[in-house]
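Hi,

Here is the structure I said I'd pass along. Have a look at it first, and my notes are underneath.

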Amino acid sequence: MSSPTPGQTTSMKPAATPTALQNRMGVLKSPESSKALHTIALLVRNAPGVLVRVSMVFSRRGYNIESLVVSPGAKTGFSRMTVTCSGDPAILEQMIKQLTKLVDVVHALDHTATDRFETEIALIKIRCAGDVRRDVLEIAEHFNARVVDYAAQSLILRVFGASDKLDAIISLLDEERIVELVRSGKIVMARALEVT
Amino acid sequence: MEPELPAPPTGAQKLIQCLEREGVEYIFGYSGGAAMPIFDALVDSSIELILVRHEQGAAHMADGYARASGKPGVVLVTSGPGATNIVTGLLTSHMDSIPIIVLTGQTISSMLGKDGFQEADVTGITYAVVKHSYLLKDGADIPRATREAFYIATSGRPGPVLLDLPKDVTQGPCDAPFVDDIDLPGYTVPTNGDPDDIREAAAILNASKRPVLYVGHGAVISNAGKAVIRLAEMLRAPIVNTLLGKGAADETHPLHLGMLGMHGTAYANKAVDACDCIMAIGARWDDRITSKLDEFCLGAAKIHIDIDPSEFGKMVQPDVAIAGDARLVLDELVPQIQPADTEQWLRQCNVWRKKYPLKYAKQGGLRTQHVLDRLNALTQGNAIITTDVGQHQMWAAQFCLSTTNRHWISSGGAGTMGFGFPAAIGAQFGCPDKKVWAIVGDGGFQMTQAELATAAIHKKPTKCLIINNNFLGMVRQWQELFYDNRISGVDLVGNPDFVKLAQAYGVKALRIRRPADVDRVLAEAHDYDEGPCVVVAEVVKEDNVFPMIPSGAPLSGMIIEKPKGPLAKPSGST
């Protein structure tokens with residue numbers, strides 16, 4: 001790892017190529033096998049085993065789950081799952097039917113193309129001191145990221161927004177300086193009175 | 001002084017009371033430590049325990065019971081290896097949509113996940129082969145979970161449901177009340193079918209010149225056979241059925257062309273290949289049926305009736321999909337059908353029927369086809385026939401014509417060897433007044449032959465016809481046709497004398513050696529009602545099932561008799 005020269009804005013590197021970015025995030029996506037991401041929202045009964053049953057449908061049909069958010073639903077006893085996944089688009093509709101078929105799944109809806117609001121949160125721990133810290137704070141300010149931990153050798157930034165905004169700030173920060181990255185995974189809600 | 005309140009029942013007693021409320025007559029089971037409270041509760045119950053000799057046998061008996069009677073079959077086994085021994089049975093029932101309830105004992109709750117003695121993560125192991133399952137950590141959930149289990153197993157597209165029961169839960173008290181109402185917001189069952197979809201299907205059928213009705217197991221489950229016949233007669237359309245669809249619509253009806261698919265009749269497959277409209281009635285376009293999918297029924301309109309909407313578009317994209325119960329949908333559809341001019345089409349089908357009949361060599365020793373042809377003449381569709389898996393299964397499907405719903409029982413989706421004999425015993429429990437014949441091979445029979453004891457103890461008049469060629473015949477056939485006759489892993493040298501084996505269990509046993517013996521021996525077994533009877537048919541070692549569509553070949557690639565030269569290895573699954 002090359003250490004940045006003091007006084008130089010070495011952390012302000014050009015945006016990483018998508019391949020490099022995604023590899024760093026642990027997502028297996030070579031350009032040739034790249035598949036569009038789908039967003040599926042499920043309303044499920046909060047019953048034991050429901051997460052296993054849901055994830056088994058994805059794995060059996062060869063879908064890769066990129067992110068998964070499980071949270072309590074509005075009604076007691078029900079949970080929300082938001083799944084971002086990639087796989088063969090030709091079987092997406094059929095896979096959603098297989099999800100719907102599960103006894104504990106109230107509904108499963110594809111929100112890849114619906115009118116929706118989506119958001120995601122990232123926590124980014126950056127090793128930074130001295131001049132580098134100024135650069136980082138400048139980027140943070142631009143993205144409305146908040147510093148939630150200010151330590152001698154590091155910062156933790158919290159940033160939220162659309163997933164591509166998170167991708168953008170991460171790509172602007174020096175890959176070598178990011179110590180840890182935790183993203184919540186995308187959550188979506190259909191606009192107006194449409195069902196999510 | 002206050003009268004002392006009676007102690008609440010144990011979880012096991014409550015469970016058994018719930019089963020009694022569901023109308024359970026029999027439990028097929030095998031005991032063990034973690035299930036002891038449940039076996040104890042059975043002592044005082046009206047439910048009869050059928051003690052098997054291996055858990056797999058219990059699962060197949062419950063399956064056969066369910067297929068023959070239409071009622072759910074119940075299995076009770078212990079934890080760990082007891083539970084893992086029923087996984088094959090779960091797969092069998094799951095693939096063929098059979099309602100069975102499996103109760104597994106489990107280690108005490110506090111030991112879960114700690115590798116306790118005979119502990120296995122049974123819900124984890126079985127997720128992929130159940131319709132639904134429960135791990136009951138709280139005795140108060142027993143009545144609700146049991147009610148839900150029966151409802152889920154038997155409604156919609158049926159399937160197995162598993163209840164995993166830790167020993168402390170079945171041993172501890174359970175004062176929860178019985179549950180009647182179902183509250184499953186994620187579970188809906190289509191019933192009648194959308195009227196617009198049905199109208200659209202009727203329009204396509206009415207415009208069709210060469211329609212085919214393709215009948216599957218869904219028609220058996222919904223008892224849609226008579227409606228299928230009405231539709232066929234109204235439309236003047238030929239009927240074909242899948243292996244599991246046998247019996248829904250009378251196979252001896254003049255419009256019936258028999259079974260389609262890999263080893264179906266040539267005329268059924270030729271009709272499917274040439275049709276301009278095919279309607280699946282409770283069938284799922286299985287790979288044994290479509291063979292090479294992208295050449296299947298090219299240009300033909302496809303209508304798909306299924307109670308499970310997740311089948312739509314899985315294999316074949318239908319032009320019209322109707323989600324509903326096959327019988328209820330057909331009842332709506334038939335009045336909208338106009339008699340079509342299909343005389344030329346039916347004539348063509350009959351030309352094929354005459355040109356490519358099912359046939360077999362009458363010389364050269366005892367042949368399976370001959371035995372089964374005569375069994376068909378003897379039973380005339382009035383007996384329940386179960387099969388195992390392999391050549392005998394395909395020949396039985398070809399030669400034993402089914403005329404009655406639920407008279408044909410075979411492991412289709414899973415192709416489970418060892419299924420046929422225990423399934424027949426289960427079917428006999430479900431239908432005590434019917435003649436039940438198991439047709440099995442020497443390979444499959446040996447996988448569950450210990451159930452001879454179960455049949456003998458209960459003096460069930462189940463007949464077991466062992467087709468003994470001392471080979472795993474179907475694999476040998478493939479090796480002969482596709483693998484340059486390089487025989488590998490199919491020679492069952494070391495088979496016992498099955499007559500002596502049966503006699504060792506106190507079971508009557510007969511042998512057929514010559515074609516001339518067939519009718520006499522079959523009749524003697526058929527008329528013997530004092531207990532089980534094994535008939536061993538010592539058939540020729542090498543014979544092949546035809547017609548055959550090599551796996552992955554289009555329907556037009558059907559082989560009607562043994563080819564002269566070698567064939568390329570099949571590209572399809574198996």
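First, the two domains of chain A: the C-alpha centres of domain 1 of chain A and domain 2 of chain A sit 28 Å apart. Bear in mind that this is a predicted model. As for where the split falls, domain 1 covers 37–111 of chain A and domain 2 covers 117–190.

The two do touch: eight residues from domain 1 of chain A and six residues from domain 2 of chain A make up the contact. On the domain 1 side, strand E1 (37–45), strand E2 (64–72) and strand E3 (78–86) of chain A each put in at least two residues. E2(A) gives the largest share of that side, with three residues. If you care about the chemistry there, the domain 1 side that touches domain 2 of chain A has five polar residues, three nonpolar and no charged.

Over in chain B, I also looked at one glycine. Gly473(B) belongs to helix H21 of chain B, which spans residues 473–482. Is Gly473(B) buried or exposed? Gly473(B) has 27 C-beta neighbours inside 10 Å, and the cut-off for buried is 20 or more, so Gly473(B) counts as buried.

Which residues does Gly473(B) contact, once neighbours within four places in sequence are left aside? The answer is Gly390(B), Gln391(B) and Gly441(B). I also have a distance to Val75(B): from C-alpha to C-alpha, Gly473(B) and Val75(B) are 32 Å apart in space, with their positions 398 residues apart in sequence.

Cheers

Terms used
Residues are numbered from 1 along each chain as its sequence is written. Chains are lettered from A and ligands numbered from 1 in the order in which they are written. This is a predicted model: local features need pLDDT of at least 70, side-chain atom pairs count only at pLDDT 80 or more; totals for chains, interfaces and linings use all residues. Domain bounds come from an automatic or database domain assignment. Two residues are in contact if their C-beta atoms, placed from the backbone, lie within 7 Å. Helices (H or I, at least four residues) and strands (E, at least two) are DSSP runs, numbered from the N terminus. Ala, Val, Leu, Ile, Met, Phe, Trp, Tyr, Cys and Pro count as nonpolar, Asp, Glu, Lys and Arg as charged, and the others, Gly among them, as polar. A residue is buried if 20 or more other C-beta atoms lie within 10 Å of its own, exposed if 12 or fewer, and partly exposed in between; C-beta atoms are placed from the backbone.
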